[in-house]
Amino acid sequence: MNDHILDMNSDYADYLSDESRRAGQADKIAFPKSGNEVREVLQTAAKNSWPVTVQGARTGITGGCVPDGGLILNLSRMSSIGGIEGGCMMVQPGALLQNIRDATKGSGLFFPSDLTETTASIGGMVANNASGARSFLYGAVREWIQSLEVVLANGETMRIERGVHKADGLDFRLGSIEGQLPAIRQPHVKTAAGYFVQPDMDLVDLFIGSEGTLGIVTEITIKLLPKPEQTNGLTAFFVSEEEALDFVRFLRDDPEASKALAAIEFFGNRTLELLRRMKAENAAFAGLPKLEPGFHTAIYFEYDGDVPDAVIEEADKAVECWFSDDEHEIEKLKIFRHAVPEAVNMLIGERKKTTPSLTKLGTDMSVPDDQLENVMKMYRNGLAEAGLEYVIFGHVGNNHLHVNILPHTMEEYEKGKALYLDWAKEVVARGGSVSAEHGIGKNKTEFLKLMHGENGIREMRKLKHLFDPQGLLNPGNLFP
Ligand SMILES: Cc1cc2nc3c(=O)[nH]c(=O)nc-3n(C[C@H](O)[C@H](O)[C@H](O)COP(=O)(O)OP(=O)(O)OC[C@H]3O[C@@H](n4cnc5c(N)ncnc54)[C@H](O)[C@@H]3O)c2cc1C
């Protein structure tokens, strides 16, 4: 038996779930400290036909790192962060985003990936092609990955470099693996749903967003950018949702306003209500800024550079606008944003005490620019008709809003689930993606099928089979 592999016991109970609150089970667990140890563990698992579930920091919200038997490969002890060389930094997969950020301080450079959850690991971010508020300007994490070291299910290790390892049309070769990429359609919106495939693609992109189903990422070279001289954060409060969405359109469409615009985030009226309530009732939220009763909908937006005059004029239409050009103050505004999913999770945690099977239903879908108001109407009408409690917030700049349905009972949960499925069908029909940043994991496999059809799923499975013929890596992710 491999020394690094431990039998599961109650000390490891926390490793059976992620932030989706899905609960799993496992027989073994390993905490490797190097790529070599990962290889040894995978070879032992392959010999014994143990399914392997990879874990980063377990902040995922689709059950992707929740095991369904077999062995847990937890990478939290592979967290070293190297120095900066040629604008790049080499990191181990278990390094947390907040520690990578700290390590760039004082260098004049920064890592543009900007998740709301800064305790996510870089390996988990790569596996999910994660994004965040500032992806409006800087794109998803894919844009900032120069190379990856990957260990395959059979223990084969490969280093894949952007610009060096490329497909020839849909044909590709990587180490001992040779084959054809699936001919699947990518939507023209922000997406993290299924494999990323394009003719002549950089093969490093195949692993980014593959949710640990093709190989385990054991080393990552990230690209850094010169830090902007000045960042300005603003939160504008409007008396109606229509006015707030008009303002979003102005920010995106006006040539002057859209220059150096890094983020546009939306807080719906019920989201602001939830924050007000949490601030009043829960000590953990006491530090949140006071939200006046007249604030109906808020838009947070950020400039890496000066705020254009036209924007200052337009923001005058808001009932109030908070402005900050100080890094610490901007961090406070971000805490306000982070408080939303935290408040939702706390609320659901309370309800689970009486109804343990209850979870929130959180959407993560994006649509093309011309569909923003239409899907907003679809969400509101459906929720009003079903009489469900909810909040809406998120990355409105990319037409990517998180609708969180907050059921009280299992009956409401089932109603919400049916509504979510109807929306997913509609989003796909309108050219959108069923997951823009959180991935598919185990909880959204039904939606991936909606997006790619039986044929697309079959093609993706064939690709997985080339890399992992025994089907041992992250079983249950992407494909049911
Ligand atoms: C409050 C809150 C806010 C959030 N905000 C955002 C946001 O703004 N943007 C966003 O994109 N997401 C967000 N998330 C979701 C989550 O943080 C991301 O999905 C993140 O990328 C997960 O990283 P992790 O290290 O926690 O991965 P885990 O949850 O541990 O794993 C996620 C997936 O990656 C796989 N994996 C992990 N490490 C590796 C590896 N080294 N090799 C191969 N596969 C691997 C796992 O098997 C699993 O399938 C948020 C979550 C919470 C709770």
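Start by selecting Glu 437 and the ligand: a nitrogen atom of the ligand is 3.3 Å from an N or O atom in the side chain of Glu 437. That makes a polar contact, which here means a pair of N or O atoms within 3.5 Å; within protein, one must be able to donate a hydrogen and the other to accept it, and residues adjacent in sequence count only if both atoms are side-chain atoms. Taken alone, the ligand exposes 980 Å², and the protein buries 98% of that. Such accessible areas come from the Shrake-Rupley method with a 1.4 Å probe, and for residues only the protein chains shown count as cover.

Before you click further, a word on the model. It is predicted, so local features need pLDDT of at least 70 and side-chain atom pairs count only at pLDDT 80 or more, while totals for chains, interfaces and linings use all residues. Residues are numbered from 1 along each chain as its sequence is written, and side-chain values use heavy atoms, with hydrogens and water left out.

**Stop 1: the backbone beside the ligand**

Now select Val 54 and show its backbone. A polar atom there is 2.6 Å from an oxygen atom of the ligand. Move on to Ala 57, where a polar backbone atom is 2.9 Å from an oxygen atom of the ligand.

**Stop 2: the shell around the ligand**

Next, select every residue near the ligand, meaning that one of its heavy atoms lies within 4 Å. There are 37 residues around the ligand, and Val 54, Thr 59, Ser 121, Ser 131 and Asn 474 come nearest.

Try colouring the shell by class: 14 residues are nonpolar, 18 polar and five charged. In this scheme Ala, Val, Leu, Ile, Met, Phe, Trp, Tyr, Cys and Pro count as nonpolar, Asp, Glu, Lys and Arg as charged, and the others, Gly among them, as polar.

Which helix gives the most to the shell around the ligand? Select helix 3 (122–128); it supplies five residues. Strand 3 (52–55), strand 12 (216–223) and helix 9 (327–352) also supply at least two residues each. Helices (H or I, at least four residues) and strands (E, at least two) are DSSP runs, numbered from the N terminus.

Colour domain 1 (5–74) and domain 2 (81–226) next: both give residues to the shell, so the ligand lies between them. The domain bounds come from an automatic or database domain assignment.

**Stop 3: two residues with positive phi**

Select Asn 474 again, this time in the segment after helix 12 (445–467). Its phi is positive, about 45 degrees, although Asn 474 is not a glycine. Is Asn 474 buried or exposed? Asn 474 is buried, with a relative accessible area of 3%. Buried means under 20% relative accessible area, exposed over 50%, and partly exposed in between (1.4 Å probe, protein chains only).

Then jump to Glu 211, in the loop between helix 5 (204–207) and strand 12. Glu 211 has a phi near 55 degrees, a positive value in a residue other than glycine. Glu 211 is buried, with a relative accessible area of 3%.

**Stop 4: two distances to draw**

Pick Val 197, in the loop between strand 11 (177–180) and helix 5. Draw a line to Phe 447, 250 residues apart from Val 197 along the chain: the C-alpha atoms are separated by 18 Å.

Finally, select Ala 339 in helix 9. Ala 339 counts as buried at 6% relative accessibility, and its C-alpha atom is 10.0 Å from that of Leu 274.
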